[in-house]
Every structure is written in structure tokens, then in C-alpha cells.
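Me: I would like to learn how to read strand pairing and a ligand site from a model. Where should we begin?

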Amino acid sequence: MKKKFIVANWKLNGNIETISNFLKCLKSKISLYLKYNTIVIAPSTIYLERVYRNIKDINIFIGAQDVDINQKGAFTGETSILMLQDIGVQYVIIGHSERRLFHNESNELVAKKFGLIKSLNLIPILCIGENEIEKKQNNTKKVIKNQLDIIFENFGEKAFINTIIAYEPIWAIGTGMAADPIYVQSIHKFIKNYINQYNTNNLENLIIQYGGSVNSKNAKGFLEQPDIDGLLIGSASLIYEEFLKILKISSDILYK
Ligand code: PGA
């Protein structure tokens, strides 16, 4: 059984009180779902260590929402991969569309971050996906190929071993308009086949999550698809009842 890979991306949300409450409630129920799900919580950098201390004994992981390309030095305001590693971070989200859009992050920059994370044996969660115009112009696969090719070019055919891919169509993020699960399944299949062309050993362990307006009402449709291996959840992951419902849905599917 391949566990579902569920990530809570809290973005720029939460404070000590809300996070403490969330973790308290989560911890009281989580044991039911850990058998079927690998769970990563990605709070804002400032709360990473607090969350880590809270969850390290229950087998939930913490993820950072981004990392700088420099390991140390005069880079005011940045967070280094060494610092993330130092406090117990295992996963790092990179290339999220909000970083690409609001911080002008290019495929090249994302590739550098990818290499840095891998070089320290942490696991990148590489976000890819098309925007609305690209979808309308039927360019989704081309965009995705470009986003993957730069990784292959820089890191070779084994690049996607121990890597998570999050397919997040930009038009579905934060809009309340989740993509159609059948459409997402077809894109995930395409991604797997594309990666498989280069490295056949990779496919079985490759995890591709879907992200974009996932909630407890639509999660089942995604998680039932054979090539949707998990979810990257934004706003619905801020409410623990909602997050737990999604974990239950995921567990129920695998329990059958
Ligand atoms: P959303 O965010 O679930 O709020 O759409 C998903 C994401 O950006 O990862």
C-alpha cells in the first residue's frame, strides 16, 4: 500500500494561539490516520521549530515553504537550507506559484533550489503547473515539460528519486475552483510517463500530489484516482476539522 502524501501549506497564516490549538486537536485524533498518510505541515518559517517540537514524537513531518539559494552570508531576510536542516525540516516546498508570481522566481532559480535541497538529502516538493491562459491555449503539457526538463538537464535522470511533485494548476489555487479529478489524473499520468522515459526505476515511488482548492467535499474525487498520490492543501488545511476530514477520507479509500 502506498500511503497518501498530504501536505498542509499554511502560507502566511496562523499565530501561536491558532497553531497550538490546531496541533492539540490534531494530536488527539491523528493516530487513526498515520497508517494511511504521510503528513507534512508547512507553517511560516518563524513557527517551524515550534511545530516541530510539538509533532516530532508522533511521526508527522515539517516542511518549509521556501528556501534561499545561498547557504550562508550577507543575504538579509533569507532562510538557509542549513538552518532548516538544523531545526528538523525534512521537506521544502519550492516553485510554488505564489513565489513564482510575487517574487519573480524562474524555472532556473527553482532548479538551483532543487539541487541545493537534494545535496543535503532533504526532500523537495516541486510545484509545477500551468496558468489559466496556458490552459486555454492548450499549453499545459508544454509548460510542465519545461518545468521538468530544466531539472533533468541539471541533475540527470535520477533527479526525481526521493522527490515529491505537486501539480498545482495556478487557476485552481485559492480560487475555490478545483480542477476536475479526471483532468488531474490525466496530467499526473502524463508527468509519470514523461519522467519514466528517462528513468524507469523511478515510477513506483514517485509521488505526485494535486493542489488547488482542495477541501473535504472534493478530496475523495482526487484521492480515488490511481495516479493522484496525495494533496497539497492550502486554506482547508488551516481548519483542523477540515484537515482531519480529508485525512479520514484518504484513510477510508486505502482501507477498502
Ligand atoms: P489552496 O492552496 O488549497 O488554498 O487553493 C493550495 C496551494 O497553494 O498549495
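Reply: Begin with a definition: two strands pair if DSSP finds at least two bridges between them. The model here is predicted. In it, Gly 63 stands opposite Tyr 91 in strand 4.

Me: How many bridges join strand 3 to strand 4, and do they run parallel or antiparallel?

Reply: There are 2 bridges between strand 3 and strand 4 (residues 91–94), and the two strands run parallel. Strand 2 (residues 37–42) and strand 3 (residues 61–64) are also parallel, joined by 2 bridges. There, Val 40 has Phe 61 of strand 3 as its bridge partner.

Me: Which helix does the chain pass through from strand 2 to strand 3, and is the crossover right-handed or left-handed?

Reply: To judge the hand, point the strands away from the viewer; a clockwise path from the first strand over the helix to the second is right-handed. From strand 2 the chain goes through helix 2 (residues 48–55) to strand 3, in a right-handed β-α-β crossover. Strand 3, helix 3 (residues 81–86) and strand 4 form a right-handed β-α-β unit too.

Me: Now the ligand. Which residues come nearest to it?

Reply: A residue counts as near if one of its heavy atoms lies within 4 Å. Of the 13 residues around the ligand, the nearest are Lys 11, His 96, Glu 168, Gly 174 and Ser 213. By class, this shell holds 4 nonpolar, 7 polar and 2 charged residues.

Me: What distances separate polar side-chain atoms from ligand oxygen atoms?

Reply: For Lys 11 the distance is 2.6 Å, for His 96 it is 2.6 Å, and for Glu 168 it is 2.8 Å. The ligand taken alone exposes 290 Å², of which the protein buries 98%.

Conventions:
Residues are numbered from 1 along each chain as its sequence is written. This is a predicted model: local features need pLDDT of at least 70, side-chain atom pairs count only at pLDDT 80 or more; totals for chains, interfaces and linings use all residues. Side-chain values use heavy atoms; hydrogens and water are left out. Helices (H or I, at least four residues) and strands (E, at least two) are DSSP runs, numbered from the N terminus. A polar contact is a pair of N or O atoms within 3.5 Å; within protein, one must be able to donate a hydrogen and the other to accept it, and residues adjacent in sequence count only if both atoms are side-chain atoms. Accessible areas come from the Shrake-Rupley method with a 1.4 Å probe; for residues, only the protein chains shown count as cover. Ala, Val, Leu, Ile, Met, Phe, Trp, Tyr, Cys and Pro count as nonpolar, Asp, Glu, Lys and Arg as charged, and the others, Gly among them, as polar.
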